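Trainee: I should like to learn how to read the features of a structure, one after another. Please begin with how two chains meet.

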Amino acid sequence: MENTQQSDVIVSEDVTKVYDPDGIPVNALNGINLTIQSGEFTAIVGPSGSGKTTFLNIISGLDTPTEGKVWLAGKVLSEMSGKELSDFRRDNIGFIFQAYNLIPVLTVRENVEYIMLLASVPKTERHERVSAMLTSVGLEGVEDRLPTQLSGGQQQRVAIARAVVSEPAIILADEPTANLDSKTGADLLEMMRELNTETGMTFIFSTHDPMVMESARRLITLRDGKIDSDETK
Amino acid sequence: MILKIAFRNIFRQKRRTILTALAMIVGFTLSSLFIGWSDGIYSDIISTFTRNRIGHIQVHSEDYRDRPSIYKTIRDYEPIGETIQDISGVEAWTPRIYAAGLGSVGEKSTAVQVVGVDVVRENIATQFDQKIVKGRLFSDTTLNEAVIGNKLAKILKAEEGSDFVIFSQAADGSLANDLYKIVGIVESGDDITDRTTCYLNLAAAQELFVLNGRIHEIVVIVSNINHVGRITDKIKENLNDSALEVAPWQEVAKSFYTAMKTDQQGDAIGRFVILFIVAMGVLNTVLMSVLERTREYGLLKAVGTTPVQIFYLVFCEVAIIALASIVVGAIFGTFFNYLLSVYGVTLSEEMTYGGMKFGTMHAEVNMRSLIIPTLTVFCSAMLVSLYPAIKAARILPAKAMRTH
């Protein structure tokens with residue numbers, strides 16, 4: 001795409017995804033055209049099966065589109081090798097998942113540190129940033145615990161800390177509050193809003209949660225794999 | 001960090017780790033025992049064969065080995081023997097005379113191999129005196145004494161004190177015959193030798209065959225059989241005599257050596273079967289482990305772990321388990337081989353190999369019984385982990401993270 005702007009973090013062009021698990025093709029996405037700009041706090045909503053998670057997976061390079069292209073931070077994802085994609089995700093994208101998805105054998109500190117280790121950040125800097133991040137998400141005192149020794153809210157805080165600690169340009173959050181009680185969910189949402197405001201990171205949520213929808217400054221509704229509406233508040 | 005994850009995964013899945021390790025430990029121990037046992041038996045066979053019969057190295061007159069003849073002799077053997085004795089690693093040497101003839105006791109006659117031995121040297125080299133099962137060795141007072149194999153005694157219905165007549169041909173072309181008194185019966189453990197051989201004092205044999213101080217063979221015994229090649233070369237170099245042929249036992253008894261090597265190759269099939277079972281066990285557990293952790297690998301890839309790092313993670317886990325299993329297997333293998341080398345296993349019936357009888361078999365503790373299982377267990381574990389490691393490295397993150 002010739003006319004992507006400097007501030008366009010994600011551009012999807014005619015993105016289509018067809019699943020064919022049992023020989024019966026299912027269109028998960030039908031020609032999605034979308035541009036997301038740097039610093040947005042956007043929620044992608046829609047009923048189950050509307051294609052929210054599939055779209056997040058494709059714009060992060062976790063999955064490949066059947067047709068169409070995705071530009072992420074100016075690069076075409078489908079043109080990258082497996083290693084390039086891994087490196088690119090490590091350097092540019094932070095993930096927050098509904099099921100937290102922490103590495104079970106690593107402690108809280110190690111989980112947060114892991115991505116920076118992959119990026120070869122020097123030890124001293126790594127430790128300073130992890131400590132600061134754990135303090136900012138309210139996880140002091142549990143640094144040496146394993147994920148299984150934490151509550152759901154604490155695990156999601158670790159996931160947020162892991163996602164943002166290396167200061168990626170984009171945070172993709174797939175139903176981040178779905179497994180949390182409303183108070184914890186609200187706290188974490190507030191934390192992410194603050195991060196968005198303070199650091200300018202782009203947050204993209206896939207959600208059913210009305211609280212997230214209210215907080216989002218842009219609301220994209222998907223239905224049957226197509227954009228049904230796109231509202232900016 | 002990948003190594004740290006690998007370590008922790010090993011302890012996290014204790015049951016699976018134990019199963020994988022057990023397959024490797026049992027495989028290593030069995031393989032080590034197999035080698036130790038087989039090497040022990042072959043060592044016993046070689047030791048008996050060489051010590052009792054042919055020695056470790058032989059020196060002959062040129063062409064004697066290919067076409068033995070009473071005329072192909074070694075002159076002035078004493079200085080040759082002294083030169084050999086001076087070589088490092090040589091334990092002893094002894095001269096021998098060989099001739100074929102007819103042996104008779106009373107009306108019984110049979111073909112015999114007459115061996116002339118220097119009793120003093122033969123005792124040092126091959127513990128000849130310890131093979132006497134009845135009677136004694138030659139006295140210093142007379143040359144007309146003979147010692148015969150126990151089976152030959154049975155054939156000739158001879159016993160200690162029997163008159164024994166030898167007919168043969170002397171080196172000067174004359175008829176060689178003389179009467180001897182049987183003073184001893186020997187049992188060497190070598191069936192063929194015991195069935196055919198009669199021994200005379202070296203001087204008596206020289207007199208009978210008119211050899212005038214000459215001999216047919218110098219048998220050399222070395223302190224470490226594994227150094228035979230080096231010592232053979234050194235003897236050749238030091239003697240520097242083209243009229244003499246120096247050969248290690250592997251050349252002297254080529255057919256025996258070849259048969260033994262073929263036997264050993266047969267053992268390799270047994271080892272391969274053990275390792276194949278180990279490899280299948282490891283493949284199964286590692287593959288299951290990878291399948292169970294598909295979601296985790298998907299996550300690791302999602303957050304930026306490269307396919308090579310995922311591959312390395314699976315590989316490291318198997319390598320760590322393999323190394324630990326090898327250490328444990330080596331302890332077990334060495335322990336059992338040691339027990340078997342000390343106590344051995346007594347067979348209900350004696351086993352015959354190459355004409356030699358063995359009643360008790362011993363294992364051997366050696367480096368081969370550690371190095372071969374180490375290499376094969378480690379390599380086979382690494383080889384079979386390639387597939388699961390590649391499978392893990394190629395996982396599609398989005399698909400993997402949908403699995404439970």
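Mentor: The contact takes 18 residues from chain A and 17 residues from chain B; two residues are in contact if their C-beta atoms, placed from the backbone, lie within 7 Å. This is a predicted model, in which local features need pLDDT of at least 70 and side-chain atom pairs count only at pLDDT 80 or more, while totals for chains, interfaces and linings use all residues. Residues are numbered from 1 along each chain as its sequence is written, and chains are lettered from A and ligands numbered from 1 in the order in which they are written.

Trainee: Which helices of chain A each supply at least two residues of the side that touches chain B?

Mentor: They are α2 (82-92) and α3 (108-118) of chain A. Helices are DSSP runs of H or I with at least four residues, strands are runs of E with at least two, and both are numbered from the N terminus. The largest share of this side, six residues, comes from α2(A).

Trainee: How many residues of each class does the side of chain A that touches chain B have?

Mentor: This side of chain A has nine nonpolar, four polar and five charged residues. Here Ala, Val, Leu, Ile, Met, Phe, Trp, Tyr, Cys and Pro count as nonpolar, Asp, Glu, Lys and Arg as charged, and the others, Gly among them, as polar.

Trainee: Next, I should like to read the overall form of each chain.

Mentor: One starts with the radius of gyration, taken over C-alpha atoms, and sets it beside a globule rule of 2.2 Å times the number of residues to the power 0.38. Chain A has 233 residues, for which a compact globule would have a radius near 17 Å, and the 17 Å of chain A agrees with this. Its C-alpha trace spans about 50 × 40 × 35 Å along the principal axes. For the 404 residues of chain B the rule gives a value near 22 Å, but chain B has 31 Å. The C-alpha atoms of chain B fill a box of roughly 100 × 50 × 30 Å, again along the principal axes.

Trainee: How many helices and strands are there in chain A, and how many in chain B?

Mentor: Chain A contains seven helices and ten strands, and chain B contains 14 helices and twelve strands.

Trainee: What share of the residues counts as buried in chain A?

Mentor: In chain A it is 45%, and in chain B buried residues make up 44%. A residue is buried if 20 or more other C-beta atoms lie within 10 Å of its own, exposed if 12 or fewer, and partly exposed in between, with C-beta atoms placed from the backbone.

Trainee: I should welcome the case of a single residue.

Mentor: Take Arg129(A), which lies in helix α4 (residues 123-136) of chain A. Arg129(A) counts as partly exposed because it has 18 C-beta neighbours inside 10 Å. Apart from neighbours within four places in sequence, Arg129(A) is in contact with Met116(A) and Val165(A). Val165(A) is 36 residues from Arg129(A) along the chain, yet their C-alpha atoms are separated by 6.9 Å. For chain A as a whole, 69% of the contacts between residues at least 6 apart in sequence join residues at least 24 apart.

Trainee: How is the packing of helices read?

Mentor: Two packed helices are described by the angle between their axes and the distance between the axes. Axes are lines fitted to C-alpha atoms, for helices over the stretch in contact, and angles run from 0 to 180 degrees between N-to-C directions. In chain A, the axes of α5 (residues 152-164) and α6 (residues 182-199) come within 10 Å and cross at roughly 15 degrees. These two helices are therefore roughly parallel: angles under 35 degrees count as roughly parallel, over 145 as roughly antiparallel, 65 to 115 as roughly perpendicular and the rest as oblique. Gly153(A), Gln156(A), Arg157(A), Ile160(A) and Val164(A) of α5(A) meet Thr184(A), Leu188(A), Met191(A), Met192(A) and Leu195(A) of α6(A). By class, this contact has six nonpolar, three polar and one charged residues.

Trainee: At roughly what angle do α1 and α12 of chain B cross?

Mentor: The axes of α1 (residues 2-12) and α12 (residues 307-343) of chain B cross at roughly 50 degrees and come within 9 Å. α1(B) and α12(B) are therefore oblique to each other. Among the residues that make the contact are Ile2(B) and Phe7(B) of α1(B), and Tyr312(B) and Ile320(B) of α12(B). The contact of α1(B) with α12(B) has eleven nonpolar, two polar and one charged residues.
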